[in-house]
Amino acid sequence: MKKQTKRPSRRKTSSKVSKAGLVLLTVLVLLLAALYLMGAIPEFRQAENPTEQISAQLRKANRRIKKAFDSANREIFGEQQSKNTSSRRSESRKKGSSAGRQSSDASRQESASSEKIFALEIPILKSNAPEQLIPHLGYTVSFNSDTRLPNWVAYELTRAETCGDLPRESHFECDPDVEGAQAEDDDYRNSGWDRGHMAPAADMKWSRQAMKESFYFTNVCPQNRNLNRGDWKALEESCRDWAKQYDGIYIACGPIISRSMPPRLGVNRVVIPDSFFKVILVRHDGKYEGMGFVFENKAGHKSLASYACTIDHVEELTSTDFFPQLPDEIEAEVEARKKTSFWGL
């Protein structure tokens with residue numbers, strides 16, 4: 001007599017399906033909650049044109065998510081990518097230009113000028129400096145756990161963002177995404193040094209979250225008071241003017257530490273930089289223009305033109321590859337050029 005095999009009842013099968021659906025729904029809810037807490041789902045503030053505001057915020061959220069993926073990729077592949085980029089640039093500069101190469105270059109330049117390059121502002125370190133990449137809503141920071149400073153802070157400032165009207169905050173705080181020690185308010189108190197913004201709060205008036213995050217200590221360095229409130233501020237204001245003029249600007253900035261044993265500040269031993277850099281890039285009439293600036297961390301007042309230099313010079317000082325996503329030929333040309341007349345300097 002054959003032994004009959006029991007088949008699962010339809011009721012049990014239906015129960016399993018229901019449980020699977022419930023698990024899937026729970027996962028989706030948790031994912032949405034995580035995105036909200038991370039700030040990937042942007043806030044919506046009142047505006048005269050709500051549709052335009054929502055569209056702008058969604059584009060910003062999309063850019064932030066893209067930055068997060070790029071940051072993760074750089075943590076995995078950054079060192080090798082940096083070596084490859086450096087090798088390609090060196091080879092490109094040594095080789096002569098043939099007719100076939102000129103045709104290829106023209107094609108790549110046309111492609112670069114007609115297409116939007118995402119996260120173009122994100123640099124790549126060429127040194128072995130400690131680095132934790134942290135994407136925030138308004139900027140991305142490469143944080144150095146040894147110096148308690150950013151290696152660099154990078155962001156895109158659009159024309160629309162320069163029209164923000166939110167009031168400035170004044171509360172500095174620790175970055176909740178940092179792993180390990182970082183600067184604190186007590187390190188700066190009565191030290192004589194300003195808590196100098198790298199990505200300025202005035203560039204973040206388009207979002208309450210972006211404004212709040214600009215006061216994280218990962219976006220701050222000990223800065224000479226006269227410099228912070230004088231020539232450094234003048235360059236920040238000029239960058240906003242250029243963002244309006246050219247419909248947007250890519251910015252990367254940060255400290256320069258020249259000495260092997262730099263002075264430190266406070267209980268957390270925050271390094272006091274020797275200088276600061278800022279590199280900028282705009283696209284105008286289908287072509288890219290860039291400029292570098294280097295400021296000594298001391299009092300003084302000079303014209304912005306006196307601080308100007310090539311981006312290549314800043315790369316040498318910082319061991320950093322700026323705007324690496326540009327085609328190599330365009331990058332080499334733009335970063336070797338010092339065209340102060342273009343910037344009205």
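Helices and strands here are DSSP runs, numbered from the N terminus. The model is a predicted one.

**Stop 1: Ser-214**

Select Ser-214, in the loop that runs between α5 (208–213) and β6 (220–223). Ser-214 is buried, because its relative accessible area is 0%, under the 20% limit. Show its surroundings: leaving out residues up to four places away in sequence, Ser-214 touches Tyr-139, His-197, Ala-199, Ala-201, Met-204 and Asn-219. Ala-199 is 15 residues from Ser-214 along the chain, and the two C-alpha atoms are 6.6 Å apart.

**Stop 2: the largest nonpolar core**

Tyr-139, just seen beside Ser-214, leads into the largest nonpolar core, which has 50 residues. Which members touch the most others? They are Tyr-139, Trp-242, Ile-249, Ile-280, Phe-293 and Phe-295. Colour helix α7 (residues 231–246) next; with 6 residues, α7 provides the largest share of this core.

Now centre on Ile-249. Not counting neighbours within four places in sequence, Ile-249 is in contact with Tyr-155, Glu-156, Leu-157, Cys-239, Trp-242, Ala-243, Ile-280, Leu-281 and Val-282. Another core lies apart from the largest one and has 23 residues, including Ile-117, Ala-154, Leu-326 and Ile-330.

**Stop 3: helix α9**

Ile-330 of that other core is also one of the buried residues of α9. Select residues 328–335 to see this helix, where 7 of the 8 residues are buried. The buried ones are Asp-328, Glu-329, Ile-330, Glu-331, Ala-332, Val-334 and Glu-335.

**Stop 4: the cysteines**

How many disulfides are there? The count is 0. Cys-239, a contact of Ile-249, has the sulfur of Cys-253 as its nearest cysteine sulfur, at 8.5 Å. That is beyond the 2.5 Å cut-off for a disulfide. Is Cys-239 buried or exposed? Cys-239 is buried, since its relative accessible area is 1%. Cys-174, in contrast, is partly exposed, because its relative accessible area is 33%.

**Stop 5: Gln-182**

Cys-174 is also a contact of Gln-182, so select Gln-182 next. Gln-182 sits in the loop between β4 (149–157) and α4 (185–188), and a relative accessible area of 8% makes it buried. A polar atom of the Gln-182 side chain is 2.8 Å from the backbone nitrogen of Asp-175. Leaving aside residues up to four places away in sequence, Gln-182 touches Phe-143, Arg-148, Cys-174, Asp-175, Asp-187, Phe-217, Thr-218 and Asn-268.

**Stop 6: salt bridges**

The whole structure has 13 salt bridges. Three of them can be visited in turn.

- Show the side chains of Arg-159 and Asp-247, which form a salt bridge with an N to O distance of 3.7 Å. Arg-159 is in the loop between β4 and α4, and Asp-247 is in the loop between α7 and β7 (249–256), so this pair ties together parts 88 residues apart in sequence. Arg-159 is partly exposed, at 36% relative accessibility.
- Move to Glu-289 and Lys-339, whose side chains meet at 3.9 Å, N to O. Glu-289 belongs to strand β11 and Lys-339 to the segment after α9, so the bridge ties together parts that are 50 residues apart in sequence. Glu-289 is buried at 10% relative accessibility, whereas Lys-339 is partly exposed at 36%. Elsewhere, Asp-185, Asp-186, Arg-189 and Arg-195 are joined into one network by salt bridges that share partners.
- Within that network, show Arg-189 and Asp-185, which form a salt bridge of 2.9 Å, N to O. Both count as partly exposed: Arg-189 has a relative accessibility of 46%, and Asp-185 has 25%.

**Stop 7: two positive phi angles**

Most residues other than glycine have a negative phi. Two residues on this tour do otherwise. Select Asp-285, whose phi is positive, near 55°. Asp-285 lies in the loop between β10 (275–284) and β11 (287–296), and at 69% relative accessibility it counts as exposed.

End at Ser-319, also not a glycine, with a positive phi of about 55°. Where is Ser-319? Its place is the loop between α8 (311–318) and β13 (320–321). With a relative accessibility of 31%, Ser-319 counts as partly exposed.

Conventions:
Residues are numbered from 1 along each chain as its sequence is written. This is a predicted model: local features need pLDDT of at least 70, side-chain atom pairs count only at pLDDT 80 or more; totals for chains, interfaces and linings use all residues. Side-chain values use heavy atoms; hydrogens and water are left out. Buried means under 20% relative accessible area, exposed over 50%, partly exposed in between (1.4 Å probe, protein chains only). Helices (H or I, at least four residues) and strands (E, at least two) are DSSP runs, numbered from the N terminus. A nonpolar core is a set of buried Ala, Val, Leu, Ile, Met, Phe, Trp, Tyr and Cys residues joined through side-chain atoms within 4.5 Å. Contact means heavy atoms within 4.5 Å. A polar contact is a pair of N or O atoms within 3.5 Å; within protein, one must be able to donate a hydrogen and the other to accept it, and residues adjacent in sequence count only if both atoms are side-chain atoms. A salt bridge is a side-chain nitrogen of Lys or Arg within 4 Å of a carboxyl oxygen of Asp or Glu.
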